[in-house]
Amino acid sequence: MKFYSTNDKSLTTSFEEAIFKGLAKDKGLFLPQKLPQLPTSLTQSNSRLSFTEIAFQAARCFLHDEMPDNVLLELIENAFPFSAPIVELSKDLYTLELFHGPTLAFKDFGARFMASIFEFYLARRSQELTVLVATSGDTGSAVAQAFHNKPGINVVILYPSKKVSLIQEMQLTTLGGNVKAIEIEGNFDDCQRIVKEAFSDPDISSKLVLTSANSINIARLIPQSFYYISAFHQLPVNSPPIVFSVPSGNFGNLTAGIMAHLMGLPVSHFVASTNANDVVPQYLSSGIFETRPSIATISNAMDVGNPSNFARLMGLFQSSKDAICKSVSGYSVSDEETKLALKEIYEKYGYLADPHGAVGYIGLKRYINQKTNITSNIFLETAHPAKFYDTVNHSTGANVDIPERLSKLLDLQKQSYLMRPELKLLKEFLMA
Ligand SMILES: *Cc1c(COP(=O)(O)O)cnc(C)c1O
């Protein structure tokens with residue numbers, strides 16, 4: 001299967017090249033030249049297939065010429081020792097829980113699949129790889145966990161000193177082994193700047209094969225389509241058509257859902273739910289895409305003012321606003337509404353959501369209120385509420401149980417390297 005650049009349809013590459021490059025030469029994002037179709041076993045409901053079986057069959061559509069079935073199945077089993085259950089809150093209302101991975105956020109799906117894919121190609125190339133990432137918190141921990149103990153891969157994570165939460169810091173700094181955490185005396189922009197400088201430094205690139213493993217990599221997008229298919233298979237027999245509401249920031253998650261739909265998954269509609277960073281809902285109503293600096297909110301993993309996957313959405317809908325509006329509606333949700341939603345979901349359904357899921361819930365409600373047909377309504381829960389303990393606790397009055405895989409981190413020993421934000425220092429560290 002060939003992948004094209006969203007900036008130039010004629011610029012195509014193999015899957016292997018696309019994942020090692022991340023971005024196309026012309027800075028476009030990669031998309032499959034022709035979307036494969038899912039087998040009917042996945043598009044007909046109530047098969048009761050396991051998550052592993054669904055993920056395998058869907059991944060096979062993309063990767064059947066890259067690796068034999070038994071290798072792919074083993075890769076899927078290693079990447080996903082957890083699943084994505086739907087929980088029924090009331091008739092026709094569900095949440096799709098995406099936080100059962102090791103870092104309790106949906107980014108585990110993309111990061112772990114990507115890590116396994118890299119491992120597969122590196123073994124074939126007998127090459128070593130250095131994954132270099134700057135993080136403001138969550139992406140870094142999902143990537144670090146995913147690549148931990150992968151042979152032939154070193155991980156170097158830069159995070160801003162004293163600017164990530166204690167739990168996030170412990171997630172980054174306690175893995176050890178092939179994962180090195182560098183605590184930068186500066187802010188996230190400093191971390192990102194020196195990582196960028198390192199990528200364009202000729203001395204470093206002559207010695208190391210570097211990748212950013214960042215969220216626009218096609219290897220992170222593909223696995224995010226699996227749980228939409230899995231949600232469909234978990235619904236009761238003869239359920240009405242599905243509406244998915246996706247709490248969105250960089251729009252990778254929504255793009256993956258739309259890919260699954262265009263590959264044949266029956267979905268009635270998608271809701272793009274954002275916080276105050278509403279450039280996509282704005283586009284859907286005005287037709288004008290205007291990026292802006294990001295605004296800080298309580299659903300901070302979605303504080304994105306220039307969502308990079310917008311280019312992919314345009315690619316999938318041939319840049320037609322009418323086409324995209326037939327499948328997607330957008331709503332922007334304030335912090336105040338988000339807090340009230342946390343309380344409402346808890347009081348009405350006895351369910352503790354996180355602030356990102358709560359944004360998805362409000363977007364879903366707004367969409368349902370303005371239509372008449374009956375649908376199965378699913379909002380995606382992208383993080384465990386314990387990761388946003390204070391907000392959830394203040395909004396609901398409830399105590400959030402801290403899962404053991406978070407609480408046990410606090411007993412571990414932090415291991416990090418303190419560093420001033422200078423390329424020279426990072427370079428010494430990488431070349432040592
Ligand atoms: C990254 C993230 C999102 C946003 O996902 P996108 O694919 O960037 O739209 C939503 N919720 C949580 C918890 C996240 O970590």
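1. Contact, as used throughout this note, means heavy atoms within 4.5 Å. The model is predicted: local features need pLDDT of at least 70, side-chain atom pairs count only at pLDDT 80 or more, and totals for chains, interfaces and linings use all residues. Residues are numbered from 1 along each chain as its sequence is written, and side-chain values use heavy atoms, with hydrogens and water left out.

2. T274 belongs to strand β11, residues 269–274; strands (E, at least two residues) and helices (H or I, at least four) are DSSP runs numbered from the N terminus. With 0% relative accessibility, T274 counts as buried. The classes are buried for under 20% relative accessible area, exposed for over 50%, and partly exposed in between (1.4 Å probe, protein chains only). Beyond its neighbours within four places in sequence, T274 is in contact with S248, F251, P281, Y331, S332, V333 and V359. A polar atom of the T274 side chain also lies 3.4 Å from the backbone oxygen of N277. The term polar contact denotes a pair of N or O atoms within 3.5 Å; within protein, one must be able to donate a hydrogen and the other to accept it, and residues adjacent in sequence count only if both atoms are side-chain atoms.

3. The ligand has 14 residues around it, of which K107, G249, N250, F251 and T382 come nearest; a residue is near a molecule or strand if one of its heavy atoms lies within 4 Å of it. By class, this shell holds six nonpolar, seven polar and one charged residues. Here Ala, Val, Leu, Ile, Met, Phe, Trp, Tyr, Cys and Pro count as nonpolar, Asp, Glu, Lys and Arg as charged, and the others, Gly among them, as polar.

4. Which backbone atoms lie 2.8 Å, 3.1 Å and 2.9 Å from an oxygen atom of the ligand? A polar backbone atom of G249 is at 2.8 Å, one of G252 is at 3.1 Å, and a backbone N or O atom of N253 is at 2.9 Å. The protein buries 96% of the 380 Å² that the ligand exposes when taken alone. Accessible areas come from the Shrake-Rupley method with a 1.4 Å probe; for residues, only the protein chains shown count as cover.

5. G252 and N253 also appear among the buried residues of helix α12, together with L254, T255, A256, G257, I258, M259 and A260. Helix α12 (residues 252–262) is largely enclosed by the rest of the structure, because nine of its eleven residues are buried. Just after α12, G264 adopts a positive phi of about 120 degrees.

6. F62, in helix α3 (residues 51–63), is in contact with M259 of the preceding point, and also with M1, P32, P36, I222 and M263, leaving aside neighbours within four places in sequence. F62 is buried, at 2% relative accessible area.

7. R312 is placed in helix α14, residues 310–316, and at 0% relative accessibility counts as buried. A polar atom of the R312 side chain lies 2.8 Å from the backbone oxygen of I216. Not counting residues up to four places away in sequence, R312 touches T6, L29, F30, L31, I216, N217, I218, L221 and T255. R312 and S5 are 307 residues apart in sequence, yet 9.3 Å apart in space, C-alpha to C-alpha.

8. Is T6, a partner of R312, buried or partly exposed? T6 is partly exposed, with a relative accessible area of 21%, and lies in the loop between β1 (2–5) and β2 (8–14). Its contacts beyond four places in sequence are G28, L29, L31, A311 and R312.

9. The largest nonpolar core has 100 residues, with F80, L96, F113, F147, F226, Y227 and F244 making the most contacts inside it. Helix α5 (residues 107–125) gives the most to this core, namely ten residues. A nonpolar core is a set of buried Ala, Val, Leu, Ile, Met, Phe, Trp, Tyr and Cys residues joined through side-chain atoms within 4.5 Å. F226 touches F51, I54, A55, A58, A59, I76, F80 and F113, not counting residues up to four places away in sequence. Apart from the largest core lies another of 20 residues, including A341, Y351, L364 and Y367.

10. Helix α7 (residues 166–173) is mostly covered, with six of its eight residues buried: Q168, E169, M170, Q171, L172 and T173. Their cover includes α6 (138–147), β7 (153–160), β8 (179–184) and α19 (404–407).
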